[in-house]
Amino acid sequence: HGALRRCYSSSVALKAAASMGEPSSQDAAPPLQDAAPPTLFQEIMAQWEWLQQAHDYVVAMPALRERVSSFRKSAWEFTSTAKVSTETVERQVTATLQPSDASKEHWAALLAFRRQYPAVIVAAATGVSVLPALAHLRTSKLTALRLVARNSLLGGGGAAVLLYPEIVFRAAPYVSRGVTKAEDTIASVRAN
């Protein structure tokens with residue numbers, strides 16, 4: 001192994017001297033006739049000079065592994081930060097959408113009042129819907145009467161339907177018959 005190293009180092013030194021413009025011992029004197037044939041290692045090194053140049057280039061540039069590792073670490077930090085941020089936002093949205101305990105209690109009390117006193121709510125809705133008609137009472141009694149009838153039917157009737165759904169279920173067959181009669185009447189008028 002020692003002879004191979006010396007041979008390699010001398011060939012490298014010769015090549016370095018030739019690249020610097022200095023005359024080498026090979027250029028100065030012809031090779032000896034009784035020198036041993038080149039070894040396999042020497043032949044490979046002579047044919048693969050580009051390998052040494054590539055090695056020098058790789059050593060000179062920053063290590064690829066360090067670049068990849070730093071990029072991977074940056075990407076991991078970014079994704080973990082994004083994940084934590086997403087979880088924080090989701091928790092805040094969930095907390096914001098949940099009603100407070102006080103609002104839950106007020107809502108429960110309101111629903112209990114609605115179940116116990118639906119007639120009071122219907123009367124209040126009817127009274128509020130009639131208020132605009134009272135403003136027209138001094139100008140035109142006919143307009144005021146028309147507004148009272150319309151608003152009490154819409155306001156009070158709408159509140160009654162919402163608070164007493166059984167009214168809808170009981171009135172549905174009668175309404176269906178009336179709609180069917182109206183459709184038949186319209187169809188017979190169009191046919192004539």
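Select S129 to begin: leaving aside residues up to four places away in sequence, S129 touches N151, S152, G155 and G156. The model on the screen is a predicted one, and the values given along this tour are computed from its atoms.

Keep S129 selected and colour its helix, α7, which covers residues 118–135. With a relative accessible area of 14%, S129 is buried, because the cut-off for that class is under 20%. Now show the backbone of T126 as well, since a polar contact can be displayed here: the backbone oxygen of T126 lies 2.8 Å from a polar atom of the S129 side chain.

Move next to N151, one of the residues that S129 touches. N151 belongs to helix α8, which spans residues 141–163, and at 10% relative accessibility N151 counts as buried. What does N151 touch, once residues up to four places away in sequence are set aside? The answer is S129, V130, P132 and G156, and it is worth displaying these residues together with the earlier set, because G156 is also among the residues that S129 touches.

Stay on α8 and add helix α9, residues 165–191, to the selection; the two helices pack at an angle of about 95°, with their axes 4 Å apart. Angles from 65 to 115 degrees count as roughly perpendicular, and α8 and α9 are therefore assigned to that class. To see the contact itself, select A160, V161, L162 and L163 on the α8 side, then P165, I167 and V168 on the α9 side. Sorted by class, this contact of α8 with α9 has 7 nonpolar residues, with no polar and no charged ones.

Return to α7 and select its other partner on this tour, helix α6, which runs over residues 101–116; the axes of α6 and α7 come within 5 Å and cross at roughly 90°. That crossing makes α6 roughly perpendicular to α7. Which residues make the contact between them? From α6 they are F113, R114, R115 and Q116, and from α7 they are P118, V120 and I121. By class, the contact of α6 with α7 has 4 nonpolar, 1 polar and 2 charged residues.

From this contact, keep F113 and add Y117, showing both rings. The count of aromatic pairs comes to 1, and the pair is formed by F113 and Y117, whose ring centres are 5.2 Å apart and whose planes stand at 45°, so the pair is tilted. How exposed are the two residues, given a relative accessible area for F113 and a relative accessibility for Y117? F113 is partly exposed, at 37%, and Y117 is likewise partly exposed, at 42%.

Finally, clear the selection and colour the whole protein chain by secondary structure. The chain comes to 9 helices and 0 strands, and from the N terminus on its elements run α-α-α-α-α-α-α-α-α. Colouring by accessibility instead brings out the buried residues, which make up 8% of the 192 residues in the chain; N151 and S129 are among those that count as buried. As a last view, consider the contacts between residues at least 6 apart in sequence: 53% of these join residues at least 24 apart.

Key:
Residues numbered from 1 in each chain as written. Predicted model: local features only at pLDDT ≥ 70, side-chain atom pairs only at ≥ 80, totals over all residues. Heavy atoms only, no water. Buried < 20%, exposed > 50% of the residue type's maximum accessible area, 1.4 Å probe, protein only. Contact = heavy atoms within 4.5 Å. Phe/Tyr/Trp six-rings, centres within 6.5 Å; stacked < 30°, edge-to-face > 60°. Polar contact = N/O pair within 3.5 Å; in protein donor to acceptor, adjacent residues only side chain to side chain. Axes fitted to C-alpha atoms, helices over the stretch in contact; angles between N-to-C directions. Parallel < 35°, antiparallel > 145°, perpendicular 65-115°, else oblique. Nonpolar A, V, L, I, M, F, W, Y, C, P; charged D, E, K, R; others polar.
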